[in-house]
Amino acid sequence: PVSLFGRRFPNTSLPNSEQTHINFQCALSTMFSMCDSHCHLESMKQYSPAQHPHLLHITCGYSNASNRENFEIAKNNPNVFCCLGIAPQEAMKFENLRESVQEAEKFIVACSKAAPNKLVAIGEIGLDFHWAKTQEEKEKQKECFLSMLSLAKSLSLPIVIHSRNSMDEVIGVLTAHSGIKT
């Protein structure tokens, strides 16, 4: 049997990767007619995912506060799943980067254990040199990105990248950390 987003499909087998992809598509199409693959439901106060059960929502955290809000929304709605992480423009604001990143990692690991079918990726993470003007800000972003990549690898989760004016650097980091699902 296959379990997809917490729903079991008992008559489905997975003999190879091509069949897995086909089964995944079939399972999704029976559950949802549309998917918003990157939204921020915590900021959409007037919107209720429960009123749109045909729509699969993947809501993205980008800060410690938004991670908490988005995880709660995902936990409470069967058609909502989440990506949790620290976005680069948030990372560069931290006074104590290591402490703040460790707080995020601890929370994300706890979420992966509390509701493993609700956390579908680590993100949004990456580099954003539009906002980072100093070398110190760029270094904070990179340190956070590397930590989030390690977390994704340890949890065997894919990543959602935020990249702005930094594509070569992002690709360089990802290439150096092969084994990450991109």
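Reader: How many bridges join strand 4 to strand 5?

Author: This is a predicted model, and in it 4 bridges join strand 4 (residues 55-60) to strand 5 (residues 80-84). The two strands run parallel. If you want one pair to click on, take Cys-60, whose bridge partner in strand 5 is Cys-83.

Reader: Okay, and what is the order of the strands in the open sheet?

Author: Walk across the sheet, not along the chain. Here the order is 3-4-5-6-7, with parallel pairing across the 5 strands. The edges are strand 3 (34-39) and strand 7 (159-164), each of which pairs on one side only. From one strand to the next, the twist averages 20°.

Reader: What pattern does the protein follow along the sequence?

Author: Now you do go along the chain. You'll read β-β-α-β-β-α-β-α-α-β-α-β-α, built from 6 helices and 7 strands.

Reader: Which strands does helix 6 lie across?

Author: Look for the strands under the helix, then check the angle. Helix 6 (residues 167-176) lies across strand 6 (119-128) and strand 7, and runs at about 150° to strand 7.

Reader: Which residues have the most contacts inside the largest nonpolar core?

Author: Start from the hubs and work outwards. In this core of 35 residues, they are Leu-84, Ile-122, Phe-145 and Met-148. Several elements give two or more residues to the core, among them helix 2, strand 5, helix 4 (97-114) and helix 5 (135-155). There's also a second, separate core of 9 residues, including Leu-56, Ile-58, Cys-60 and Ala-121. So Cys-60, the partner of Cys-83, turns up again in that second core.

Reader: What does Met-148 touch, leaving out residues up to four places away in sequence?

Author: Gly-85, Ile-86, Val-101, Ala-104, Glu-105, Ile-108, Ile-122 and Ile-125. Ile-122 is another of the hubs named above.

Reader: Let's try a loop. Is Asn-79 buried or exposed?

Author: Go by the relative accessible area, where buried means under 20%. Asn-79 counts as buried because its value is 4%. This residue sits in the loop between helix 2 (64-75) and strand 5. Beyond its neighbours within four places in sequence, Asn-79 is in contact with Phe-32, Pro-49, His-52, Pro-53, Leu-55, Leu-56 and His-57.

Reader: And for the whole protein, what percentage of the residues is buried?

Author: Buried residues make up 44% of the 182. The accessible surface comes to about 10,000 Å², with 53% of it belonging to carbon and sulfur atoms. As for contacts between residues at least 6 apart in sequence, 61% join residues at least 24 apart.

Methods:
Residues numbered from 1 in each chain as written. Predicted model: local features only at pLDDT ≥ 70, side-chain atom pairs only at ≥ 80, totals over all residues. Heavy atoms only, no water. Pairing = 2+ DSSP bridges. Axes fitted to C-alpha atoms, helices over the stretch in contact; angles between N-to-C directions. Contact = heavy atoms within 4.5 Å. Buried < 20%, exposed > 50% of the residue type's maximum accessible area, 1.4 Å probe, protein only. Areas by Shrake-Rupley, 256 points an atom, 1.4 Å probe, with all protein chains shown as cover. Core = buried A, V, L, I, M, F, W, Y, C linked by side-chain atoms within 4.5 Å.
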